[in-house]
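Please open the model in your viewer, with selection by residue number ready to hand. The tour below moves from one selection to the next and says at each stop what is there.

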Amino acid sequence: MATAEELNRGFDAVRYWADFKDAAAEGSDKGLLINYEWCTNCHSCEVACQMHLGLDANNWGIKVLEYGPTKNVKGDWEWTFVPMPTDLCDGCADRVAQGRLPMCVHHCQAAVMYYGSIDELAKKAAEKSKMVLYTL
């Protein structure tokens, strides 16, 4: 019998989300992949983005969300940090147009953020768990 993970692999949620998240808007084939297993919550992505976009301390183009610390039903402790782009994120269009990486990816001290085509990133995400892919 197939496991839940194997069944979910058949559904291409990344492609579904990219195709249908905003039918009225011109989409992009670029995305941001984050390996949240190793995010250290250093906030470098947040600060780099704020500086690049000229945002004040209460606004973010990317924000690190925190879950935990909590003990799960297996008795294991979880404390997870997941950087999430906000509506203010423009994917650093100016930098990307120059062939450079978005500020959050460039300044990620744990090297857990990747930028590229959604198809490439989806393949990389399929290699392991605790990865999240955002379309830009």
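With which side chain does the side chain of Ser44 make a polar contact? Select Ser44 together with Gln109, and bear in mind that this is a predicted model: the two side chains make a polar contact at 2.9 Å. If the neighbours within four places in sequence are set aside, the residues in contact with Ser44 are His107 and Gln109. Ser44 counts as buried because its relative accessible area is 13%, which falls under the 20% cut-off.

**Helix α3**

Widen the selection to helix α3, which covers residues 44-53 and includes Ser44. Colour Ser44, Cys45, Glu46, Ala48, Cys49 and Gln50, which are the buried residues to look at in this helix. Then show β2 (62-71), β3 (77-85), α5 (103-107) and β4 (113-117), which are among the elements that cover the buried residues of α3. Just after the helix, select Gly54, where the backbone takes a positive phi of about 70°.

**From α3 to β2**

Stay in helix α3 and select Glu46, then add Lys63: the two form a salt bridge in which the closest N and O atoms are 3.6 Å apart. This pair links distant parts of the chain, with Glu46 in helix α3 and Lys63 in strand β2, 17 residues apart. Glu46 counts as buried, since its relative accessibility is 5%, whereas Lys63, at 25%, counts as partly exposed. Keep Lys63 on screen and add Trp60, because there is a further arrangement to see in which the charged end of Lys63 sits over the ring of Trp60, 4.3 Å from its centre.

**The other salt bridge**

The structure holds 2 salt bridges, and the next selection is Lys128 with Glu37, whose closest N and O atoms are 2.8 Å apart. Here too the pair links distant parts of the chain, for Lys128 lies in the loop between α6 (118-125) and β5 (131-135), while Glu37 lies in the loop between β1 (30-35) and α3, 91 residues away. Lys128, with a relative accessibility of 28%, is partly exposed, and Glu37, at 38%, is partly exposed as well.

**Rings**

Select Lys124 and Tyr114 next, where the charged end of Lys124 sits over the ring of Tyr114, 4.5 Å from its centre. For aromatic pairs, a search of the whole structure finds 1. To see this pair, select Trp79 and Phe81, whose ring centres are 5.9 Å apart and whose planes meet at 45°, so the pair is described as tilted. The two residues differ in exposure, as Trp79 is exposed with a relative accessible area of 52%, while Phe81 is buried at 11%.

**The whole chain**

Finally, clear the selection and show the whole protein chain, which has 6 helices and 5 strands. Followed from the N terminus, the elements run α-α-β-α-β-β-α-α-β-α-β. Of the 136 residues in the chain, 29% are buried. The accessible surface comes to about 9,000 Å², and carbon and sulfur atoms account for 54% of it. Among contacts between residues at least 6 apart in sequence, 61% join residues at least 24 apart.

Note on methods
Residues are numbered from 1 along each chain as its sequence is written. This is a predicted model: local features need pLDDT of at least 70, side-chain atom pairs count only at pLDDT 80 or more; totals for chains, interfaces and linings use all residues. Side-chain values use heavy atoms; hydrogens and water are left out. Helices (H or I, at least four residues) and strands (E, at least two) are DSSP runs, numbered from the N terminus. Buried means under 20% relative accessible area, exposed over 50%, partly exposed in between (1.4 Å probe, protein chains only). A polar contact is a pair of N or O atoms within 3.5 Å; within protein, one must be able to donate a hydrogen and the other to accept it, and residues adjacent in sequence count only if both atoms are side-chain atoms. Contact means heavy atoms within 4.5 Å. Accessible areas come from the Shrake-Rupley method with a 1.4 Å probe; for residues, only the protein chains shown count as cover. Rings of Phe, Tyr and Trp (its six-membered ring) pair if their centres lie within 6.5 Å; planes under 30 degrees apart count as stacked, over 60 as edge-to-face and the rest as tilted. A charge sits over a ring if NZ of Lys or CZ of Arg is within 6 Å of the ring centre and within 35 degrees of the ring normal. A salt bridge is a side-chain nitrogen of Lys or Arg within 4 Å of a carboxyl oxygen of Asp or Glu.
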